Amino acid sequence: MWPRTEWWLCGWTVLAALWWLMAYALVSRSRRAPLPKRSANSPSVSIFKPVPALGDGGVPEPLAAALESFIQQLDENSELLLGFEKRDQSRWEPVVENWRRKYPQARLDVTFAPQPNHFPNPKISWEHTLAPRARGKLWLWSDADIIAPMGTVAELCKELGATNAALVTAPYVVRAVRSMPALIEALYVNMELYPGARLLQRLGAVRCAFGSCLLFTADSFRQQVVWERLGSVLAEDFSLGNSLQPVTVSSVALESLAMETCWRHAIGRYLRWHKGVRWCRPAGYAGQLLILPLIGWLAFAVSHPAAWSSWLGVIAVMQMEVLMAWAIFHRIGCRLKARHVFGVELWCLLRPLVWSACWFPWPVVWRPQRRKWWGFDRSTE
């Protein structure tokens with residue numbers, strides 16, 4: 001008979017397996033049906049799209065396509081507010097002019113300006129810059145790298161009007177892995193974020209939101225949200241979801257671009273995401289320990305290196321998570337290839353190590369302004 005330690009670790013592993021089966025079921029039941037068109041009497045919508053600074057080279061085609069997915073949904077009651085950095089103007093102007101020719105009915109309000117620096121949070125600095133130009137009764141904040149299926153804006157407006165929600169938010173997935181470093185982003189989104197978002201949708205008690213999509217009325221924002229407060233926090237979507245209650249998680253699934261090509265940047269972003277969740281919801285983040293049996297197996301293997309059962313447990317847990325990643329990615333519509341196995345195995349090891357490390361005091365860096373954040377709220381650091 002195995003010693004008691006192995007039995008405890010096996011029970012822990014069973015808990016994790018049950019969660020992955022539930023995650024697979026939640027993802028499988030997500031709706032991918034065609035979405036409706038906006039009706040003529042729908043309230044006016046202003047869509048905010050602050051665009052991060054470009055690196056070397058031209059405008060990435062996937063990023064331009066993501067922005068265009070919103071432009072093609074504009075009608076006479078909606079507008080798109082685009083914010084570009086001034087130094088990128090010569091590269092973005094031809095793209096914008098092409099959009100104007102292709103969608104003559106679309107109202108595009110374009111701003112070229114130096115990176116706004118009103119607040120520690122660079123995204124909120126841009127939203128604050130664009131806000132005076134917004135004419136819609138509804139505001140839709142959405143990250144630049146988000147792809148919206150046709151009919152998304154109409155469905156979100158419908159859900160906001162059909163419920164008593166003050167804010168509608170939509171989760172997102174990654175359906176294309178363009179590089180090995182980008183696989184780390186895709187694994188976080190598809191395996192750690194999206195199943196949890198669908199669980200929140202079913203439970204109904206939501207006190208957060210997702211930066212991929214935040215739809216709310218302009219009046220409620222002006223009455224309940226203070227720009228300075230919102231701009232001082234790292235996770236503005238979480239803060240906004242707490243300010244504008246109640247929140248509804250949409251049945252729509254948006255798509256995000258995973259475009260990192262540098263391992264250092266990809267892992268840095270992964271660390272920032274985890275540290276942000278740790279700061280926002282410490283109790284919930286601590287609860288993730290229940291589905292991280294690899295921590296126990298690794299600790300057992302290090303303390304008892306001669307015990308073959310400890311290493312067998314490490315291998316078994318990692319292979320279980322690899323298989324679930326393949327299954328969940330398939331249901332989402334993201335194809336993994338044989339060469340991705342190394343990246344998935346790396347994620348299996350990285351996740352418990354990062355979870356453990358997040359309980360120690362160390363800062364994260366948000367690259368747009370290269371500022372170090374030592375906590376959720378910079379005003380209290």
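**Figure 1. S2, helix H3 and S3 build a right-handed β-α-β unit.** The model is predicted. Strand S2 covers residues 78–85, and helix H3 covers residues 89–102. Strand S3 takes up residues 108–113. S2 and S3 pair in the parallel sense, over 6 bridges. Phe 84 has its bridge partner in S3: Phe 112. S3 is mostly covered, with 5 of its 6 residues buried.

**Figure 2. An open sheet of 7 strands runs in the order S3-S2-S1-S4-S8-S6-S9.** The pairing in this sheet is mixed. S3 stands at one edge and strand S9 (247–249) at the other, each with a single partner strand, so one side of each has no neighbour in the sheet. Neighbouring strands are turned by 20 degrees against each other on average, direction ignored. Strand S1 (residues 45–50) runs parallel to S2, and 6 bridges join the two. Within this pairing, Phe 48 has Leu 81 of S2 as its bridge partner.

**Figure 3. A further open sheet holds 3 strands in the order S5-S10-S7.** Here too the pairing is mixed. The edges belong to strand S5 (146–147) and strand S7 (172–173), each with a single partner strand, so one side of each is left without a neighbour in the sheet. S7 and strand S10 (residues 254–256) run parallel and are joined by 2 bridges. The bridge partner of Tyr 172 is Leu 254, in S10.

**Figure 4. Glu 97 and Arg 100 meet in a salt bridge within helix H3.** The structure holds 15 salt bridges. Side chains of opposite charge can pair when their charged atoms come close. In this pair the N to O distance is 3.9 Å. The two residues are 3 apart in helix H3, which means that about one helical turn separates them. Glu 97 is partly exposed, at 40% relative accessibility. Arg 100 is also partly exposed, at 34%.

**Figure 5. A salt bridge joins Glu 236 to Lys 123.** The side chains meet at 3.1 Å, N to O. Glu 236 lies in helix H9 and Lys 123 in helix H4 (residues 122–130), so the pair ties together parts that are 113 residues apart in sequence. Both Glu 236 and Lys 123 are buried. Helix H9 spans residues 236–243 and is mostly covered: 6 of its 8 residues are buried. Glu 236, Asp 237 and Phe 238 are among them, and so are Ser 239, Leu 240 and Gly 241.

**Figure 6. Glu 185 forms a salt bridge with Arg 269.** The closest N and O atoms are 2.8 Å apart. The pair links distant parts of the chain, 84 residues apart. Glu 185 belongs to helix H6 (residues 180–203), and Arg 269 belongs to helix H10 (residues 263–280). Glu 185 counts as buried, because its relative accessibility is 3% and the cut-off for buried is under 20%. Arg 269 has 23% relative accessibility and so counts as partly exposed. Elsewhere, Glu 79, Arg 107 and Arg 135 are joined into one network by salt bridges that share partners.

**Figure 7. A nonpolar patch lies on the surface.** Its members are Val 14, Leu 15, Leu 18, Leu 21 and Leu 290. Together they have about 490 Å² of accessible area. Leu 290 sits in the loop between helix H11 (282–287) and helix H12 (293–303). Leu 290 is exposed, because its relative accessible area is 54% and exposed means over 50%.

**Figure 8. The peptide bond from Gln 245 to Pro 246 is cis.** Its omega is near 0 degrees. Pro 246 is placed in the loop between H9 and S9. The helix before this loop, H9, also appears in Figure 5, where Glu 236 meets Lys 123. The strand after the loop, S9, is the edge strand at residues 247–249 in Figure 2.

Definitions and conventions:
Residues are numbered from 1 along each chain as its sequence is written. This is a predicted model: local features need pLDDT of at least 70, side-chain atom pairs count only at pLDDT 80 or more; totals for chains, interfaces and linings use all residues. Side-chain values use heavy atoms; hydrogens and water are left out. Buried means under 20% relative accessible area, exposed over 50%, partly exposed in between (1.4 Å probe, protein chains only). Helices (H or I, at least four residues) and strands (E, at least two) are DSSP runs, numbered from the N terminus. Two strands pair if DSSP finds at least two bridges between them. A crossover is right-handed if, with the strands pointing away from the viewer, the path from the first strand over the helix to the second runs clockwise. Patches are made of residues with over 30% relative accessible area and no salt bridge: like charges are joined within 9 Å, nonpolar side chains (Val, Leu, Ile, Met, Phe, Trp, Tyr) within 5 Å. Accessible areas come from the Shrake-Rupley method with a 1.4 Å probe; for residues, only the protein chains shown count as cover. A salt bridge is a side-chain nitrogen of Lys or Arg within 4 Å of a carboxyl oxygen of Asp or Glu. Axes are lines fitted to C-alpha atoms, for helices over the stretch in contact, and angles run from 0 to 180 degrees between N-to-C directions.
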